[in-house]
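Got the viewer open? Let's take a short walk through this model, one selection at a time.

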Amino acid sequence: MEKAIFYKEWIKMRSLLPVLAIALIGITAYVLLRIDRAVTLNGAPHLWQIMLDKEVVFIEMLRFVPLVAGLLLSLTQFIPEMLRKRLKLTLHLPYSQHRMILLMAAMGLGILTLLFAIQALMVWGYFHTLVTDELTSRALMTAMPWWLGGLVLYMLCAWICLEPTRYRRGIYIVITLGICRMFYLSDVPQSYDGMLPWIIVLLAGVFFLPLLSVRRFKEGCQD
């Protein structure tokens with residue numbers, strides 16, 4: 001049954017995934033090429049000086065990319081469940097309903113994690129050739145909340161999509177906007193280091209939120 005669930009999710013996402021992967025890799029490559037152009041014109045020591053003196057990591061253009069990736073993947077995966085009445089059929093399958101929803105979400109999270117890992121590897125590979133390990137780590141740790149934010153938004157969007165009533169969807173959207181805003185309160189590199197454990201706890205918590213929407217759907221809560 002697990003293979004059937006994963007295959008069903010793959011069918012829904014297969015058109016988006018190549019576009020998402022190409023876009024994410026392309027945007028990351030563009031940002032790194034811009035840095036490389038600056039290095040060519042001014043030299044690597046100039047890059048070091050700016051990173052140390054002006055508290056920038058040169059990958060700020062990537063900050064919203066994980067957020068958009070998480071949003072698009074979640075919409076692609078969960079909106080069809082509601083628009084085409086698939087969720088009702090899905091919940092009648094001879095399989096644990098909670099486990100089924102969590103497997104669907106886990107597949108999306110796994111794909112996003114893989115895409116973000118590729119992005120992180122590209123950033124690490126480039127910075128590792130130019131600056132010290134400490135500055136490379138600084139760039140990666142600065143981007144870590146962005147990647148975690150993309151995963152959190154993916155789950156929050158699933159929570160919204162599976163909610164059967166407009167009123168609650170509106171409330172959930174406001175909550176989601178507030179949570180997403182939390183990831184972009186500071187532009188200072190590594191300013192979220194102390195919050196990373198709490199963000200991981202948050203991600204673990206929102207992983208189960210779609211189950212609340214599914215329970216309301218089963219109880220017949222509809223517009």
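Start by selecting C180. This cysteine is buried, with a relative accessible area of 9%. Keep in mind as you click around that you're looking at a predicted model.

Now add C157 to your selection. C157 is buried too, and its relative accessible area is 5%.

With cysteines on screen, you may wonder: how many disulfides are there? The count comes to zero disulfides. A disulfide would need a pair of cysteine sulfur atoms within 2.5 Å. Select C161 and check its sulfur against that of C157: C161 has the nearest cysteine sulfur to C157, 4.0 Å away, and C157 is in no disulfide. Go back to C180 and do the same. Its nearest cysteine sulfur belongs to C157, at 9.4 Å, and C180 is in no disulfide either.

Next stop: a pair of helices. Select residues 97-128, which make up helix α6, and residues 209-218, which make up helix α10. At what angle do α6 and α10 pack? It's about 135°, and their axes are 10 Å apart. That angle makes α6 oblique to α10. Turn the view and follow how α6 passes α10: the crossing is right-handed.

Finally, show the side chains where these two helices touch. On the α6 side, pick Q97, H98, I101 and L102; they meet P210, L211, V214 and K218 on the α10 side. Try colouring this contact by residue class: you'll get five nonpolar residues, two polar ones and one charged.

Terms used. Residues numbered from 1 in each chain as written. Predicted model: local features only at pLDDT ≥ 70, side-chain atom pairs only at ≥ 80, totals over all residues. Heavy atoms only, no water. Axes fitted to C-alpha atoms, helices over the stretch in contact; angles between N-to-C directions. Helix = DSSP H or I, 4+ residues; strand = E, 2+ residues; numbered from the N terminus. Parallel < 35°, antiparallel > 145°, perpendicular 65-115°, else oblique. Left-handed = near helix turned anticlockwise from the far one by under 90°. Contact = heavy atoms within 4.5 Å. Nonpolar A, V, L, I, M, F, W, Y, C, P; charged D, E, K, R; others polar. Buried < 20%, exposed > 50% of the residue type's maximum accessible area, 1.4 Å probe, protein only.
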